[in-house]
Amino acid sequence: MRTVFAVLSTVLFSLPAFAQAPKVVINEVLANEPGSFTSLEWIELFNVDANSAPLSDFSIVVGNDTSRLDSGSVILPANGFAVVSRKPVAEYETENSFEKQWGDNSGIWGDEAAENYPLLKGKFTLNNASGRVLLLHQGNPVDSFIWTADSGDGKSYERIAAASPAAAPNIAVSRASSGSTPGKINSVAPVANDLAIEQVTAQTLTGFTARFSGTVKNVGLDSTVARHLFFSIGVPGDTGFTALQILDSTQITALATQENDAFTIDLILPSGYQRIVISLPLDGRNENNFAAVTIKNGAVAPTLLINEFLPDPASPLESEWIELYNAADTAAELFGWKIGDAKSQVAIVVDSTVIPAKSFTIVANDKTGFQAFYPNVTAPIFQPASWPALNNDGDTIKLVSPFGLLEDSIGYGEGYGGNVSWEKKDPALPSDNLANWWRSVDVKGATPGSQNSIAAAYSENLGVDISPNPFSPDGDGFDDEVTINFTLPFQANLTARIYDLNGREVKTLLDNSPTASSQLRWDGKGNNGKTLRSGIYVLFMETSGSARLTKKGTIVLVKKK
(Lines give C-alpha, C1' and ligand atoms only; values in the text may rest on other atoms or scores of the structure.)
Protein backbone atom coordinates (compact mmCIF):
# COMPACT_ATOMS: atom_id res chain seq x y z
CA MET A 1 0.00 0.00 0.00
CA ARG A 2 2.78 2.41 0.84
CA THR A 3 5.06 1.64 -2.08
CA VAL A 4 5.44 4.68 -4.31
CA PHE A 5 3.36 4.30 -7.49
CA ALA A 6 5.47 3.69 -10.58
CA VAL A 7 4.48 5.77 -13.64
CA LEU A 8 3.41 3.61 -16.57
CA SER A 9 4.98 3.88 -19.98
CA THR A 10 4.31 7.17 -21.75
CA VAL A 11 3.71 5.28 -24.96
CA LEU A 12 1.14 3.05 -23.29
CA PHE A 13 -0.96 5.94 -22.00
CA SER A 14 -0.65 8.16 -25.08
CA LEU A 15 -2.79 5.91 -27.24
CA PRO A 16 -5.54 7.98 -28.91
CA ALA A 17 -8.34 5.55 -28.03
CA PHE A 18 -8.95 2.27 -26.26
CA ALA A 19 -9.32 -0.87 -28.34
CA GLN A 20 -12.72 -2.46 -28.92
CA ALA A 21 -13.41 -5.29 -26.45
CA PRO A 22 -16.15 -6.62 -24.18
CA LYS A 23 -17.41 -3.63 -22.20
CA VAL A 24 -15.78 -4.39 -18.88
CA VAL A 25 -14.64 -1.35 -16.88
CA ILE A 26 -12.76 -0.64 -13.65
CA ASN A 27 -15.62 0.44 -11.42
CA GLU A 28 -14.15 0.91 -7.92
CA VAL A 29 -10.70 0.96 -6.29
CA LEU A 30 -9.76 0.69 -2.61
CA ALA A 31 -6.14 1.77 -2.07
CA ASN A 32 -6.29 2.86 1.57
CA GLU A 33 -7.15 -0.22 3.62
CA PRO A 34 -9.10 0.22 6.86
CA GLY A 35 -7.09 0.84 10.04
CA SER A 36 -3.60 -0.61 10.17
CA PHE A 37 -4.38 -3.52 7.84
CA THR A 38 -2.08 -4.16 4.88
CA SER A 39 -2.36 -6.19 1.66
CA LEU A 40 -6.14 -5.61 1.50
CA GLU A 41 -6.21 -3.36 -1.58
CA TRP A 42 -8.71 -4.40 -4.22
CA ILE A 43 -10.06 -3.44 -7.67
CA GLU A 44 -13.67 -3.99 -8.77
CA LEU A 45 -14.65 -4.69 -12.38
CA PHE A 46 -18.14 -4.16 -13.86
CA ASN A 47 -19.62 -5.53 -17.07
CA VAL A 48 -21.67 -2.72 -18.62
CA ASP A 49 -22.55 -4.79 -21.69
CA ALA A 50 -25.82 -6.63 -22.25
CA ASN A 51 -23.82 -9.82 -22.90
CA SER A 52 -21.66 -11.86 -20.57
CA ALA A 53 -17.89 -11.45 -20.83
CA PRO A 54 -15.21 -14.10 -20.17
CA LEU A 55 -12.33 -12.76 -18.10
CA SER A 56 -9.75 -15.03 -19.68
CA ASP A 57 -8.21 -12.34 -21.88
CA PHE A 58 -8.20 -9.51 -19.33
CA SER A 59 -5.22 -8.30 -17.31
CA ILE A 60 -4.71 -5.53 -14.77
CA VAL A 61 -1.57 -3.39 -14.82
CA VAL A 62 -0.38 -1.35 -11.84
CA GLY A 63 3.08 0.11 -12.24
CA ASN A 64 5.37 -2.76 -13.23
CA ASP A 65 2.95 -5.44 -12.00
CA THR A 66 0.62 -7.24 -14.40
CA SER A 67 -2.12 -9.58 -13.13
CA ARG A 68 -3.73 -12.06 -15.53
CA LEU A 69 -7.25 -12.30 -14.19
CA ASP A 70 -8.32 -15.85 -15.04
CA SER A 71 -7.43 -18.94 -16.98
CA GLY A 72 -10.85 -19.03 -18.65
CA SER A 73 -13.30 -20.40 -16.11
CA VAL A 74 -14.85 -17.10 -14.91
CA ILE A 75 -17.62 -15.53 -16.96
CA LEU A 76 -18.78 -12.06 -15.93
CA PRO A 77 -22.54 -11.76 -16.58
CA ALA A 78 -24.22 -8.62 -17.91
CA ASN A 79 -24.25 -5.96 -15.17
CA GLY A 80 -22.12 -8.28 -13.09
CA PHE A 81 -19.22 -7.51 -10.77
CA ALA A 82 -15.86 -9.12 -10.03
CA VAL A 83 -13.24 -8.14 -7.47
CA VAL A 84 -9.48 -8.55 -7.84
CA SER A 85 -7.78 -8.55 -4.43
CA ARG A 86 -4.21 -8.88 -3.18
CA LYS A 87 -5.36 -11.28 -0.47
CA PRO A 88 -8.72 -12.88 -1.41
CA VAL A 89 -8.87 -15.54 1.34
CA ALA A 90 -6.71 -15.94 4.45
CA GLU A 91 -4.23 -18.80 4.43
CA TYR A 92 -4.10 -19.02 8.23
CA GLU A 93 -6.41 -17.94 11.05
CA THR A 94 -4.69 -14.76 12.19
CA GLU A 95 -4.17 -13.41 8.67
CA ASN A 96 -6.55 -10.80 7.29
CA SER A 97 -8.15 -11.05 3.86
CA PHE A 98 -10.86 -9.64 1.60
CA GLU A 99 -13.15 -12.53 2.59
CA LYS A 100 -12.61 -11.81 6.28
CA GLN A 101 -13.15 -8.05 5.93
CA TRP A 102 -15.95 -7.90 3.32
CA GLY A 103 -17.32 -11.43 3.45
CA ASP A 104 -18.64 -13.65 6.23
CA ASN A 105 -15.21 -14.59 7.68
CA SER A 106 -15.76 -18.32 7.10
CA GLY A 107 -12.46 -18.85 5.30
CA ILE A 108 -14.31 -19.78 2.09
CA TRP A 109 -15.54 -17.42 -0.63
CA GLY A 110 -18.99 -18.04 -2.11
CA ASP A 111 -20.61 -19.87 0.81
CA GLU A 112 -22.91 -16.97 1.70
CA ALA A 113 -25.60 -15.19 -0.34
CA ALA A 114 -23.80 -11.82 -0.41
CA GLU A 115 -20.62 -13.50 -1.73
CA ASN A 116 -22.23 -13.81 -5.17
CA TYR A 117 -19.50 -12.36 -7.40
CA PRO A 118 -16.10 -13.70 -8.50
CA LEU A 119 -13.14 -12.95 -6.21
CA LEU A 120 -9.76 -13.20 -7.93
CA LYS A 121 -6.18 -12.81 -6.77
CA GLY A 122 -4.01 -10.05 -8.20
CA LYS A 123 -0.42 -8.92 -7.85
CA PHE A 124 -0.22 -5.16 -7.27
CA THR A 125 0.41 -2.45 -4.70
CA LEU A 126 -1.73 0.70 -4.68
CA ASN A 127 -0.54 4.07 -3.43
CA ASN A 128 -2.97 5.93 -1.13
CA ALA A 129 -2.20 9.44 -2.41
CA SER A 130 -2.41 8.86 -6.18
CA GLY A 131 -2.39 6.08 -8.72
CA ARG A 132 -3.53 4.60 -11.99
CA VAL A 133 -4.88 1.16 -12.81
CA LEU A 134 -4.97 -0.02 -16.43
CA LEU A 135 -7.25 -2.75 -17.76
CA LEU A 136 -5.96 -4.71 -20.77
CA HIS A 137 -7.87 -7.00 -23.11
CA GLN A 138 -5.61 -9.30 -25.13
CA GLY A 139 -2.74 -6.96 -24.34
CA ASN A 140 -4.53 -3.80 -25.44
CA PRO A 141 -5.65 -1.05 -23.04
CA VAL A 142 -9.44 -0.82 -22.78
CA ASP A 143 -9.95 1.19 -19.58
CA SER A 144 -8.12 2.99 -16.79
CA PHE A 145 -8.90 4.37 -13.33
CA ILE A 146 -7.01 7.42 -12.01
CA TRP A 147 -7.04 9.08 -8.57
CA THR A 148 -4.95 12.02 -7.37
CA ALA A 149 -5.73 12.26 -3.63
CA ASP A 150 -6.12 9.98 -0.62
CA SER A 151 -9.70 8.76 -0.29
CA GLY A 152 -9.39 8.38 3.48
CA ASP A 153 -8.98 5.43 5.81
CA GLY A 154 -10.98 2.41 4.62
CA LYS A 155 -12.76 4.36 1.87
CA SER A 156 -12.79 3.55 -1.82
CA TYR A 157 -12.98 5.61 -4.98
CA GLU A 158 -16.09 4.81 -7.03
CA ARG A 159 -16.90 5.48 -10.67
CA ILE A 160 -19.91 7.76 -11.07
CA ALA A 161 -20.93 6.99 -14.66
CA ALA A 162 -19.78 3.71 -16.21
CA ALA A 163 -19.79 5.18 -19.73
CA SER A 164 -17.40 8.04 -18.86
CA PRO A 165 -13.64 7.85 -18.13
CA ALA A 166 -12.74 6.86 -14.56
CA ALA A 167 -10.94 10.06 -13.57
CA ALA A 168 -11.99 13.33 -11.98
CA PRO A 169 -14.73 14.50 -12.09
CA ASN A 170 -16.19 11.05 -12.82
CA ILE A 171 -14.87 9.39 -9.65
CA ALA A 172 -15.76 10.19 -6.05
CA VAL A 173 -15.11 8.85 -2.57
CA SER A 174 -17.66 6.22 -1.59
CA ARG A 175 -20.64 7.56 0.37
CA ALA A 176 -21.47 4.13 1.79
CA SER A 177 -21.43 3.93 5.60
CA SER A 178 -19.07 0.94 5.29
CA GLY A 179 -16.66 3.00 3.19
CA SER A 180 -16.99 0.95 -0.01
CA THR A 181 -19.42 -1.12 -2.10
CA PRO A 182 -17.61 -4.19 -3.51
CA GLY A 183 -19.96 -6.33 -5.60
CA LYS A 184 -22.73 -3.71 -5.45
CA ILE A 185 -23.92 -0.65 -7.35
CA ASN A 186 -21.65 2.25 -6.48
CA SER A 187 -22.95 4.61 -3.83
CA VAL A 188 -22.05 7.61 -6.03
CA ALA A 189 -23.76 6.30 -9.18
CA PRO A 190 -26.68 8.66 -9.82
CA VAL A 191 -30.31 7.60 -9.45
CA ALA A 192 -33.41 9.66 -10.14
CA ASN A 193 -34.53 10.43 -6.59
CA ASP A 194 -31.69 10.65 -4.08
CA LEU A 195 -31.31 12.93 -1.07
CA ALA A 196 -28.15 12.40 0.96
CA ILE A 197 -27.14 13.46 4.47
CA GLU A 198 -23.70 14.87 3.68
CA GLN A 199 -22.35 15.76 7.12
CA VAL A 200 -23.44 16.01 10.75
CA THR A 201 -21.81 17.70 13.73
CA ALA A 202 -22.90 17.73 17.37
CA GLN A 203 -21.98 19.87 20.34
CA THR A 204 -23.15 20.01 23.94
CA LEU A 205 -24.66 23.30 25.02
CA THR A 206 -25.69 24.34 28.54
CA GLY A 207 -27.52 21.86 30.74
CA PHE A 208 -28.70 18.82 28.82
CA THR A 209 -29.18 20.53 25.46
CA ALA A 210 -27.20 19.42 22.41
CA ARG A 211 -27.02 21.10 19.01
CA PHE A 212 -26.95 19.11 15.78
CA SER A 213 -25.97 20.70 12.48
CA GLY A 214 -25.34 19.42 9.00
CA THR A 215 -26.20 19.44 5.31
CA VAL A 216 -28.62 17.53 3.11
CA LYS A 217 -27.79 17.43 -0.61
CA ASN A 218 -29.79 16.38 -3.63
CA VAL A 219 -27.38 14.02 -5.41
CA GLY A 220 -30.10 12.53 -7.63
CA LEU A 221 -30.97 13.26 -11.25
CA ASP A 222 -34.36 14.84 -10.49
CA SER A 223 -35.47 17.74 -8.30
CA THR A 224 -37.00 16.86 -4.96
CA VAL A 225 -39.96 18.15 -2.98
CA ALA A 226 -39.66 19.36 0.62
CA ARG A 227 -38.96 16.52 3.07
CA HIS A 228 -38.70 16.15 6.82
CA LEU A 229 -35.45 15.19 8.54
CA PHE A 230 -36.06 13.09 11.67
CA PHE A 231 -33.99 12.89 14.87
CA SER A 232 -34.33 9.80 17.06
CA ILE A 233 -32.74 8.16 20.07
CA GLY A 234 -30.73 5.19 18.78
CA VAL A 235 -29.42 2.00 20.30
CA PRO A 236 -26.29 2.80 22.38
CA GLY A 237 -23.20 1.37 20.76
CA ASP A 238 -25.14 0.13 17.72
CA THR A 239 -23.24 0.51 14.45
CA GLY A 240 -26.53 0.53 12.52
CA PHE A 241 -29.37 3.02 12.56
CA THR A 242 -31.95 1.38 14.83
CA ALA A 243 -34.24 4.15 16.13
CA LEU A 244 -36.00 3.70 19.47
CA GLN A 245 -37.80 7.04 19.92
CA ILE A 246 -38.38 10.03 17.61
CA LEU A 247 -37.36 13.24 19.35
CA ASP A 248 -38.06 15.93 16.76
CA SER A 249 -37.85 16.81 13.07
CA THR A 250 -36.97 19.72 10.82
CA GLN A 251 -37.94 20.46 7.23
CA ILE A 252 -35.56 20.29 4.28
CA THR A 253 -36.59 22.58 1.43
CA ALA A 254 -37.28 21.45 -2.15
CA LEU A 255 -33.94 21.06 -3.91
CA ALA A 256 -32.81 21.06 -7.53
CA THR A 257 -30.17 18.52 -8.45
CA GLN A 258 -26.81 19.15 -6.68
CA GLU A 259 -28.37 21.79 -4.40
CA ASN A 260 -28.07 21.44 -0.63
CA ASP A 261 -29.85 22.74 2.47
CA ALA A 262 -28.21 23.29 5.86
CA PHE A 263 -29.98 22.38 9.09
CA THR A 264 -29.51 23.14 12.79
CA ILE A 265 -31.64 21.84 15.66
CA ASP A 266 -31.32 21.86 19.46
CA LEU A 267 -32.46 18.79 21.37
CA ILE A 268 -32.86 18.18 25.11
CA LEU A 269 -31.31 14.78 25.83
CA PRO A 270 -30.94 12.53 28.89
CA SER A 271 -27.60 12.56 30.69
CA GLY A 272 -24.96 10.10 29.56
CA TYR A 273 -23.89 8.71 26.21
CA GLN A 274 -26.61 9.23 23.62
CA ARG A 275 -26.64 7.90 20.07
CA ILE A 276 -28.77 10.11 17.84
CA VAL A 277 -30.00 8.70 14.52
CA ILE A 278 -30.78 11.24 11.79
CA SER A 279 -32.91 9.97 8.91
CA LEU A 280 -34.64 11.01 5.69
CA PRO A 281 -37.66 9.28 4.10
CA LEU A 282 -36.74 6.36 1.84
CA ASP A 283 -35.93 7.17 -1.80
CA GLY A 284 -34.02 5.74 -4.75
CA ARG A 285 -30.90 5.08 -2.64
CA ASN A 286 -31.42 4.48 1.06
CA GLU A 287 -27.88 3.96 2.36
CA ASN A 288 -27.23 7.73 2.36
CA ASN A 289 -30.55 8.55 4.06
CA PHE A 290 -29.18 7.82 7.52
CA ALA A 291 -26.49 9.19 9.78
CA ALA A 292 -25.72 8.67 13.44
CA VAL A 293 -23.69 10.60 15.95
CA THR A 294 -22.87 9.75 19.55
CA ILE A 295 -22.59 12.54 22.09
CA LYS A 296 -21.59 12.59 25.75
CA ASN A 297 -24.28 14.64 27.44
CA GLY A 298 -23.70 15.95 30.97
CA ALA A 299 -21.17 14.49 33.39
CA VAL A 300 -20.31 10.86 32.63
CA ALA A 301 -17.81 9.04 34.81
CA PRO A 302 -15.20 7.05 32.87
CA THR A 303 -15.27 3.27 33.01
CA LEU A 304 -12.22 1.75 31.32
CA LEU A 305 -8.99 3.72 31.61
CA ILE A 306 -5.39 3.23 30.51
CA ASN A 307 -3.37 2.36 33.63
CA GLU A 308 0.03 1.04 32.54
CA PHE A 309 1.84 0.36 29.27
CA LEU A 310 5.16 -0.80 27.84
CA PRO A 311 5.88 0.48 24.31
CA ASP A 312 9.51 -0.66 23.93
CA PRO A 313 9.95 -4.34 24.83
CA ALA A 314 13.50 -5.67 24.92
CA SER A 315 14.60 -9.30 24.62
CA PRO A 316 13.53 -11.68 26.04
CA LEU A 317 10.17 -9.83 26.21
CA GLU A 318 8.58 -9.96 22.76
CA SER A 319 5.34 -8.05 23.20
CA GLU A 320 4.15 -4.49 23.59
CA TRP A 321 1.27 -4.29 26.03
CA ILE A 322 -1.28 -1.95 27.60
CA GLU A 323 -3.06 -2.45 30.92
CA LEU A 324 -6.64 -1.21 31.32
CA TYR A 325 -8.43 -0.57 34.61
CA ASN A 326 -12.19 -0.74 35.16
CA ALA A 327 -12.67 2.25 37.46
CA ALA A 328 -16.43 1.69 37.79
CA ASP A 329 -18.19 0.07 40.73
CA THR A 330 -19.88 -2.34 38.34
CA ALA A 331 -18.67 -4.79 35.71
CA ALA A 332 -17.88 -3.36 32.26
CA GLU A 333 -18.50 -4.87 28.83
CA LEU A 334 -15.27 -4.93 26.78
CA PHE A 335 -16.90 -5.74 23.44
CA GLY A 336 -16.93 -2.72 21.13
CA TRP A 337 -13.93 -1.00 22.71
CA LYS A 338 -10.93 -0.17 20.53
CA ILE A 339 -7.33 0.63 21.38
CA GLY A 340 -4.35 1.79 19.37
CA ASP A 341 -1.95 4.59 18.64
CA ALA A 342 -2.44 8.11 17.25
CA LYS A 343 -3.14 6.80 13.73
CA SER A 344 -5.48 3.84 14.17
CA GLN A 345 -7.32 1.80 16.76
CA VAL A 346 -8.42 -1.85 16.63
CA ALA A 347 -11.10 -3.90 18.37
CA ILE A 348 -9.84 -5.48 21.59
CA VAL A 349 -12.20 -8.47 21.52
CA VAL A 350 -14.63 -9.92 18.99
CA ASP A 351 -17.25 -11.27 21.41
CA SER A 352 -18.98 -10.21 24.60
CA THR A 353 -16.44 -10.09 27.43
CA VAL A 354 -17.19 -8.80 30.93
CA ILE A 355 -14.51 -7.12 33.03
CA PRO A 356 -15.20 -7.12 36.81
CA ALA A 357 -15.39 -3.84 38.75
CA LYS A 358 -12.08 -2.36 39.97
CA SER A 359 -10.05 -4.92 38.03
CA PHE A 360 -7.24 -4.97 35.48
CA THR A 361 -7.11 -6.25 31.89
CA ILE A 362 -4.09 -6.66 29.63
CA VAL A 363 -4.08 -6.03 25.86
CA ALA A 364 -0.92 -7.35 24.16
CA ASN A 365 0.22 -7.69 20.59
CA ASP A 366 1.69 -11.13 21.40
CA LYS A 367 -0.16 -12.97 24.17
CA THR A 368 2.20 -15.93 24.15
CA GLY A 369 5.26 -13.71 24.36
CA PHE A 370 3.68 -11.69 27.17
CA GLN A 371 2.83 -14.78 29.24
CA ALA A 372 6.32 -16.19 28.76
CA PHE A 373 7.84 -13.06 30.31
CA TYR A 374 5.13 -12.49 32.96
CA PRO A 375 4.07 -16.05 33.91
CA ASN A 376 2.41 -15.05 37.19
CA VAL A 377 -0.10 -12.55 35.75
CA THR A 378 -3.63 -13.75 36.49
CA ALA A 379 -5.53 -10.86 34.90
CA PRO A 380 -7.25 -11.61 31.56
CA ILE A 381 -5.00 -11.06 28.54
CA PHE A 382 -6.32 -10.27 25.07
CA GLN A 383 -4.52 -10.19 21.71
CA PRO A 384 -6.36 -8.17 19.02
CA ALA A 385 -6.45 -9.40 15.42
CA SER A 386 -4.00 -6.64 14.48
CA TRP A 387 -1.81 -4.25 16.44
CA PRO A 388 -0.90 -0.60 15.72
CA ALA A 389 2.73 -0.63 16.84
CA LEU A 390 3.62 1.91 19.56
CA ASN A 391 6.59 4.11 18.76
CA ASN A 392 9.56 3.78 21.12
CA ASP A 393 10.41 7.48 20.81
CA GLY A 394 6.94 8.82 21.61
CA ASP A 395 3.34 8.25 20.56
CA THR A 396 -0.25 8.61 21.75
CA ILE A 397 -2.27 5.68 23.03
CA LYS A 398 -6.00 6.07 22.42
CA LEU A 399 -8.88 4.13 23.99
CA VAL A 400 -12.15 4.48 22.08
CA SER A 401 -15.50 3.50 23.58
CA PRO A 402 -18.20 1.47 21.78
CA PHE A 403 -19.89 4.81 21.11
CA GLY A 404 -16.97 5.83 18.91
CA LEU A 405 -15.81 8.50 21.35
CA LEU A 406 -12.29 8.95 22.67
CA GLU A 407 -12.63 7.74 26.26
CA ASP A 408 -9.02 8.01 27.40
CA SER A 409 -5.59 8.81 25.95
CA ILE A 410 -1.97 9.31 26.98
CA GLY A 411 0.75 10.99 24.94
CA TYR A 412 4.20 9.85 26.02
CA GLY A 413 7.81 10.55 25.15
CA GLU A 414 10.58 7.99 24.94
CA GLY A 415 10.21 4.66 26.69
CA TYR A 416 12.31 3.97 29.77
CA GLY A 417 14.08 0.95 28.28
CA GLY A 418 15.03 -2.23 30.13
CA ASN A 419 11.38 -3.47 30.07
CA VAL A 420 10.39 -0.73 32.53
CA SER A 421 6.78 0.33 32.05
CA TRP A 422 4.91 3.62 32.34
CA GLU A 423 2.56 3.53 35.35
CA LYS A 424 -0.28 5.79 36.46
CA LYS A 425 -0.26 7.02 40.06
CA ASP A 426 -4.02 7.37 40.47
CA PRO A 427 -5.80 4.79 38.26
CA ALA A 428 -9.22 6.47 38.59
CA LEU A 429 -8.09 9.73 36.94
CA PRO A 430 -8.06 10.37 33.18
CA SER A 431 -4.73 9.58 31.56
CA ASP A 432 -4.06 12.81 29.66
CA ASN A 433 -2.12 14.39 32.55
CA LEU A 434 1.56 13.38 32.44
CA ALA A 435 1.98 14.60 36.02
CA ASN A 436 0.01 11.47 37.02
CA TRP A 437 2.48 9.13 35.28
CA TRP A 438 5.98 7.88 36.02
CA ARG A 439 8.23 4.90 35.44
CA SER A 440 7.53 1.71 37.34
CA VAL A 441 9.63 1.39 40.48
CA ASP A 442 8.89 -2.32 40.88
CA VAL A 443 12.01 -4.52 40.99
CA LYS A 444 10.67 -6.43 37.97
CA GLY A 445 10.21 -3.20 36.01
CA ALA A 446 6.42 -3.44 35.67
CA THR A 447 3.26 -4.56 37.46
CA PRO A 448 0.83 -5.85 34.78
CA GLY A 449 -2.39 -7.14 36.30
CA SER A 450 -1.61 -5.69 39.76
CA GLN A 451 -1.67 -2.39 41.59
CA ASN A 452 0.92 -0.02 40.18
CA SER A 453 4.14 0.30 42.12
CA ILE A 454 3.83 4.09 42.20
CA ALA A 455 0.26 4.00 43.56
CA ALA A 456 1.50 4.89 47.05
CA ALA A 457 1.13 7.81 49.42
CA TYR A 458 3.34 10.78 48.63
CA SER A 459 4.07 14.03 50.41
CA GLU A 460 5.69 17.35 49.60
CA ASN A 461 8.41 16.62 52.16
CA LEU A 462 10.81 13.79 52.86
CA GLY A 463 9.49 12.03 55.94
CA VAL A 464 11.43 9.36 57.84
CA ASP A 465 10.50 7.07 60.74
CA ILE A 466 13.08 4.62 62.22
CA SER A 467 12.00 1.64 64.31
CA PRO A 468 13.09 -0.13 66.46
CA ASN A 469 15.81 2.19 67.54
CA PRO A 470 18.09 0.93 69.10
CA PHE A 471 18.13 -2.46 67.31
CA SER A 472 20.27 -5.53 67.97
CA PRO A 473 21.42 -7.59 64.94
CA ASP A 474 22.57 -10.59 66.97
CA GLY A 475 20.47 -13.32 65.37
CA ASP A 476 18.15 -13.98 68.33
CA GLY A 477 15.03 -13.19 66.27
CA PHE A 478 14.25 -10.05 68.25
CA ASP A 479 14.92 -6.56 66.80
CA ASP A 480 17.49 -8.01 64.39
CA GLU A 481 16.64 -5.39 61.74
CA VAL A 482 15.81 -1.72 61.75
CA THR A 483 12.90 -0.57 59.54
CA ILE A 484 13.09 2.83 57.86
CA ASN A 485 9.64 3.97 56.77
CA PHE A 486 9.69 6.98 54.49
CA THR A 487 7.45 9.22 52.40
CA LEU A 488 8.74 11.37 49.59
CA PRO A 489 7.48 13.53 46.73
CA PHE A 490 6.09 11.92 43.59
CA GLN A 491 8.57 11.28 40.75
CA ALA A 492 11.57 11.57 43.08
CA ASN A 493 14.69 9.41 43.11
CA LEU A 494 16.06 8.42 46.52
CA THR A 495 19.57 7.95 47.88
CA ALA A 496 19.95 6.39 51.34
CA ARG A 497 23.34 5.79 53.01
CA ILE A 498 24.62 4.89 56.48
CA TYR A 499 27.68 6.67 57.94
CA ASP A 500 29.65 6.18 61.13
CA LEU A 501 30.38 9.10 63.47
CA ASN A 502 33.67 9.74 61.66
CA GLY A 503 31.73 10.49 58.45
CA ARG A 504 32.75 7.31 56.67
CA GLU A 505 30.14 5.59 54.51
CA VAL A 506 29.52 2.07 55.78
CA LYS A 507 26.38 1.04 53.90
CA THR A 508 24.54 2.13 50.73
CA LEU A 509 20.86 1.22 50.90
CA LEU A 510 19.74 3.06 47.74
CA ASP A 511 21.69 5.06 45.16
CA ASN A 512 19.59 7.60 43.25
CA SER A 513 16.90 4.98 42.68
CA PRO A 514 13.39 5.77 41.42
CA THR A 515 11.07 4.63 44.17
CA ALA A 516 7.76 5.22 45.89
CA SER A 517 6.94 5.95 49.50
CA SER A 518 7.74 2.69 51.24
CA GLN A 519 10.29 1.26 53.64
CA LEU A 520 13.87 0.04 53.81
CA ARG A 521 15.35 -2.56 56.12
CA TRP A 522 18.90 -2.68 57.43
CA ASP A 523 20.38 -5.76 59.07
CA GLY A 524 23.37 -3.91 60.57
CA LYS A 525 25.82 -5.17 57.95
CA GLY A 526 28.17 -2.90 56.05
CA ASN A 527 29.01 -2.85 52.37
CA ASN A 528 31.55 -5.64 53.05
CA GLY A 529 28.79 -7.96 54.28
CA LYS A 530 29.99 -8.02 57.90
CA THR A 531 27.97 -6.90 60.92
CA LEU A 532 29.16 -3.53 62.17
CA ARG A 533 30.27 -2.80 65.74
CA SER A 534 27.88 -1.44 68.34
CA GLY A 535 27.55 2.30 68.18
CA ILE A 536 25.68 5.29 66.81
CA TYR A 537 25.30 5.59 63.06
CA VAL A 538 23.91 8.36 60.87
CA LEU A 539 21.24 7.75 58.23
CA PHE A 540 21.46 10.25 55.37
CA MET A 541 18.62 10.38 52.81
CA GLU A 542 18.48 12.64 49.75
CA THR A 543 15.99 13.00 46.89
CA SER A 544 16.50 14.15 43.30
CA GLY A 545 14.21 14.50 40.32
CA SER A 546 10.96 16.30 41.10
CA ALA A 547 12.36 17.67 44.41
CA ARG A 548 15.76 17.99 46.08
CA LEU A 549 15.37 17.27 49.80
CA THR A 550 17.61 15.86 52.53
CA LYS A 551 16.97 14.19 55.86
CA LYS A 552 19.25 12.89 58.62
CA GLY A 553 18.59 10.55 61.50
CA THR A 554 20.55 8.50 63.99
CA ILE A 555 20.41 4.73 64.37
CA VAL A 556 21.74 2.97 67.45
CA LEU A 557 23.18 -0.50 66.87
CA VAL A 558 23.60 -2.62 70.01
CA LYS A 559 25.00 -6.14 69.91
CA LYS A 560 23.94 -8.24 72.88
CA LYS A 561 26.42 -11.02 72.22
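**Exercise 1. Find the residue that Glu198 meets in a salt bridge, and say where the two sit.**

Solution. Start from the side chain of Glu198: it meets the side chain of Arg175 in a salt bridge, at 3.6 Å from N to O. Next, place both residues. Glu198 is in strand 13 (residues 195-204), while Arg175 is in the loop between strand 12 (171-173) and strand 13, so the pair links distant parts of the chain, 23 residues apart. Keep in mind as you work that this is a predicted model. Finally, check the surroundings: Glu198 has a relative accessible area of 36% and is therefore partly exposed. Arg175, at 31%, is partly exposed as well.

**Exercise 2. Work out which parts the salt bridge between Glu41 and Arg86 ties together.**

Solution. First, look at the pair itself: the closest N and O atoms of Glu41 and Arg86 are 3.0 Å apart. Glu41 lies in the loop between strand 1 (24-30) and strand 2 (42-47), and Arg86 in the loop between strand 7 (81-85) and helix 2 (98-102), so parts 45 residues apart in sequence are tied together. Then ask whether Glu41 is buried or exposed. Its relative accessibility is 0%, so Glu41 counts as buried. To set this in context, the structure holds 15 salt bridges.

**Exercise 3. Glu308 has no salt bridge; find what its side chain joins instead.**

Solution. Begin with the location: Glu308 lies in strand 20 (residues 304-310). Now search for a side chain of opposite charge. The nearest is Lys444, 9.8 Å away, and Glu308 is buried without a salt bridge. A salt bridge needs the nitrogen within 4 Å of a carboxyl oxygen. Lastly, turn to polar contacts: one of 2.6 Å joins the side chains of Glu308 and Ser421. Other residues in contact with Glu308 include Trp321, Trp422 and Trp437.

**Exercise 4. In the open sheet of 4 strands, decide which strands stand at the edges.**

Solution. Write down the strand order, 24-23-28-29, with antiparallel pairing. Strand 24 (345-347) and strand 29 (406-412) each have a single partner strand, so they stand at the edges, with one side of each left without a neighbour in the sheet. From one strand to the next, the twist averages 20°. Now zoom in on one pairing: strand 28 (residues 395-400) and strand 29 are antiparallel over 6 bridges. To see one of them, pick Thr396, whose bridge partner in strand 29 is Gly411.

Note on methods
Residues are numbered from 1 along each chain as its sequence is written. This is a predicted model: local features need pLDDT of at least 70, side-chain atom pairs count only at pLDDT 80 or more; totals for chains, interfaces and linings use all residues. Side-chain values use heavy atoms; hydrogens and water are left out. Two strands pair if DSSP finds at least two bridges between them. Helices (H or I, at least four residues) and strands (E, at least two) are DSSP runs, numbered from the N terminus. Axes are lines fitted to C-alpha atoms, for helices over the stretch in contact, and angles run from 0 to 180 degrees between N-to-C directions. Buried means under 20% relative accessible area, exposed over 50%, partly exposed in between (1.4 Å probe, protein chains only). Lys and Arg count as positive and Asp and Glu as negative; His and the chain ends are not counted. A polar contact is a pair of N or O atoms within 3.5 Å; within protein, one must be able to donate a hydrogen and the other to accept it, and residues adjacent in sequence count only if both atoms are side-chain atoms. Contact means heavy atoms within 4.5 Å. Lists of a residue's contacts leave out its neighbours within four places in sequence.
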